[in-house]
Amino acid sequence: MSQDSTATKAMIRDQLAVLRRRMRREAAIDEAVCRLAARMNLRPDEAADHLRRLSRDSGIDLLEVARDVTPPPLAQAETREPVVPAWMTEVLEALHASAAYLVPIKDAGGRVVDFLIAATNRHTKDVTGRGADQLRGRRLVETSPGVVKSGVLDDYLSVYESGAPLTRGPLEFVEARDGLLWPASIMVRAVRAGDGVLANWRTLDDEERLVAGWERAQRIAELGWGEWNLATGTAVWTQQMYEMFGRRPAEGPIRLEDLPAAVVAEDVPLVDEQMRTLLRYREATENEYRVQNRYGLRHLRTVSEPILDEDGLPVKIRMLVQDTTAGRRRERALAVAHEQAVTQRQRADEEHQVALRLQDSILPRRTGVLDLPGLRMGLRYRPAEDVLRLGGDWFKARPLPDGRVLLAIGDAMGHGLTAVGLMAQMRSGLAGLAYTKADAAQLATWLNDLMYHNNEGVTATGTAIIGHFEPADRTLTWTSAGHPSPVLVRQGKATLLDHSPGVMLGAFESMSYELTATVLESGDVLVLYTDGIVERRGLDVQAGLDALVGAAADCHTDDPEESIACVLARLDGDISDDVCVIALRVL
């Protein structure tokens with residue numbers, strides 16, 4: 001056995017141990033909830049709330065509180081002998097599966113909270129193996145906590161109250177008994193009978209769980225199926241699984257932790273990832289690896305999934321396996337796909353270089369300080385280095401003949417050459433419109449019309465903030481077209497400016513935008529940015545905005561260029577997209 005195989009086996013064993021500890025915890029809590037429900041004559045959800053309150057108020061772990069809940073006396077809630085119709089005994093004995101007559105148990109308000117197992121037939125047995133004598137005369141919930149989480153208790157209540165019959169299954173049923181979970185696949189039926197419910201259930205055996213004709217389908221498609229019960233450590237395989245793994249049925253299925261030893265050493269990391277996904281992350285997964293058996297090398301494609309209980313805890317692992325050794329069509333298809341991928345990569349690289357040259361000619365990379373009327377501006381513009389992330393971020397800052405200062409920042413949607421071309425259209429379009437002396441809202445409306453009508457048939461959208469700064473009274477009059485709010489830093493405190501959010505440019509025809517007037521003070525710093533600086537992998541945008549606001553407050557200096565450098569240093573590890581940041585210090 002290779003070192004990698006040994007390590008993976010240990011990982012699987014550790015994960016199984018963790019899961020089994022959690023199973024025992026959940027089983028103990030489930031049993032305690034149902035015991036408490038029986039003692040207090042409550043419904044289980046009410047008993048669960050009561051148990052949680054006891055844990056919270058006492059400061060004691062829920063499991064420890066659960067362990068102190070003792071079983072109630074038998075038939076505590078019933079002071080009279082349950083009435084079982086005479087004909088019910090004959091009906092029960094006519095059934096060739098486990099069956100019971102359930103009599104409702106009510107609380108002081110007349111609400112049904114549980115059932116008493118009033119009568120059973122000779123076939124009666126629960127999924128843990130207890131027979132009729134151990135079940136008859138006891139409360140259903142206290143005897144079978146599994147009916148609560150599986151919803152079977154609610155089904156029985158519905159049958160009793162509505163009179164509608166029930167047929168349910170195959171059902172993945174998980175019983176809790178003696179601090180352990182007992183998974184099983186069952187069929188359940190129930191009907192209203194007199195003043196009670198006639199219920200019968202049947203545990204599906206291994207053979208029944210294999211769909212009729214499944215073995216024939218396996219041979220045709222070279223498919224196998226296996227199931228590992230994590231609670232008991234047992235497994236069930238179809239015949240084809242034994243053939244794929246080169247085992248004799250008498251040897252039994254491979255244990256889950258021994259699976260890495262059956263795989264060639266180079267593919268053990270694939271099994272490691274598969275088991276980690278199933279046991280730790282509890283997600284379905286698809287893998288392909290090679291198995292060396294007595295028939296030679298086999299290529300196996302597996303699709304596996306965890307079966308979870310109501311608490312999200314894996315109780316079974318199911319795996320569908322296909323032998324792909326015989327056909328070489330997949331290898332040829334992969335070779336063709338690889339060749340196409342190389343070609344596409346080359347084309348993407350070429351497009352990237354063209355886009356970079358076009359982007360740099362329109363909006364060169366730059367940093368530094370620019371003096372404008374009433375403002376000192378720091379700037380940092382940095383395109384993404386990743387071929388696939390090159391975008392359409394842009395900015396515009398220039399004095400206008402009427403004495404105002406045009407300030408704008410935007411982002412053309414998408415990446416690559418298309419985004420760069422759209423960026424050029426937005427920036428050059430605004431540059432021409434700015435000399436009309438119109439306000440920022442009107443400029444946004446015109447720019448929206450330009451993008452909408454000049455790109456018909458193509459998705460061409462973008463966001464922008466457009467504004468005019470009046471040096472005389474330090475007022476910024478601006479509008480937003482779907483762009484993140486500017487950050488205002490005043491006396492060391494940073495906040496996002498309130499505004500009326502507008503629709504992104506180019507999305508709809510004939511849009512109008514609202515103006516927002518912000519009165520600035522000497523010493524204020526206004527930070528405009530594109531969304532590349534606030535987007536975080538795995539987090540929502542609000543988390544990125546909060547990080548930016550915090551960094552802007554901490555990095556406040558009189559030099560806007562230094563402020564930007566500090567902010568980017570704080571956030572740089574999380575930035576993967578284009579970045580354009582402007583810091584404007586009011587003089």
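Begin by selecting Cys34, which is buried, with a relative accessible area of 2%. Keep in mind throughout the tour that this is a predicted model. From Cys34, go to Cys580, another cysteine that is buried, here with a relative accessible area of 0%.

**The whole chain**

Before going further, zoom out and colour by secondary structure, which comes to 17 helices and 22 strands. Of the 587 residues of the protein, 50% count as buried, and the surface that the protein exposes is about 27900 Å², with carbon and sulfur atoms supplying 50% of it. If you display contacts between residues at least 6 apart in sequence, 61% of them join residues at least 24 apart.

**The disulfide**

Next, select Cys555 and Cys566 and show their side chains as sticks. These two cysteines form a disulfide, with their sulfur atoms 2.0 Å apart, and the count of disulfides in the model comes to one. Looking along the S-S bond, you will find a left-handed link, with -60° about that bond. The pair is 11 residues apart, with Cys555 in the loop between α16 (541-554) and α17 (560-571), and Cys566 in helix α17 itself. How are the two ends covered, buried or partly exposed? Cys555 counts as buried because its relative accessibility is 2%, under the 20% cut-off, whereas Cys566 is partly exposed, with a relative accessible area of 27%.

**Strand β16 and its neighbours**

Now move to strand β16, residues 475-481, where six of the seven residues are buried. Add strand β15, residues 462-470, which runs antiparallel to β16 and is joined to it by six bridges. At one place in this pairing, Glu470 has Thr475 of β16 as its bridge partner. The hairpin of β15 and β16 has four residues between the strands, and there you can select Arg474, which takes a positive phi near 55°.

Which strand pairs with β16 in the antiparallel sense over four bridges? Select residues 516-519 to see strand β20, which pairs with β16 in this way. Thr475 appears again here, since its bridge partner in β20 is Val519. Then add strand β19, residues 501-502, which runs parallel to β16 and is joined to it by two bridges; one place to look is Ala481, whose bridge partner in β19 is Gly502.

**The aromatic cluster**

For the next stop, select Trp228, Trp237, Tyr242 and Phe245, which form one aromatic cluster. The count of aromatic pairs in the model comes to four. The rings of Trp228 and Trp237 have their centres 6.1 Å apart and their planes at 85°, so this pair is edge-to-face. Both of these tryptophans are buried, and for Trp237 the relative accessibility is 7%. Turn the view until Trp237 and Phe245 are side by side on the screen: their ring centres are 5.2 Å apart and their planes are at 35°, so this pair is tilted. Phe245 is buried as well, with a relative accessible area of 5%.

**Arginines over rings**

Finish with two places where an arginine lies over an aromatic ring. Select Arg192 and Tyr160, where the charged end of Arg192 sits over the ring of Tyr160, 4.1 Å from its centre. Then select Arg427 and Phe395, where Arg427 lies over the face of Phe395, at 5.9 Å from the ring centre.

Methods:
Residues are numbered from 1 along each chain as its sequence is written. This is a predicted model: local features need pLDDT of at least 70, side-chain atom pairs count only at pLDDT 80 or more; totals for chains, interfaces and linings use all residues. Side-chain values use heavy atoms; hydrogens and water are left out. A disulfide is a pair of cysteine sulfur atoms within 2.5 Å. Buried means under 20% relative accessible area, exposed over 50%, partly exposed in between (1.4 Å probe, protein chains only). Two strands pair if DSSP finds at least two bridges between them. Contact means heavy atoms within 4.5 Å. Accessible areas come from the Shrake-Rupley method with a 1.4 Å probe; for residues, only the protein chains shown count as cover. Rings of Phe, Tyr and Trp (its six-membered ring) pair if their centres lie within 6.5 Å; planes under 30 degrees apart count as stacked, over 60 as edge-to-face and the rest as tilted. A charge sits over a ring if NZ of Lys or CZ of Arg is within 6 Å of the ring centre and within 35 degrees of the ring normal.
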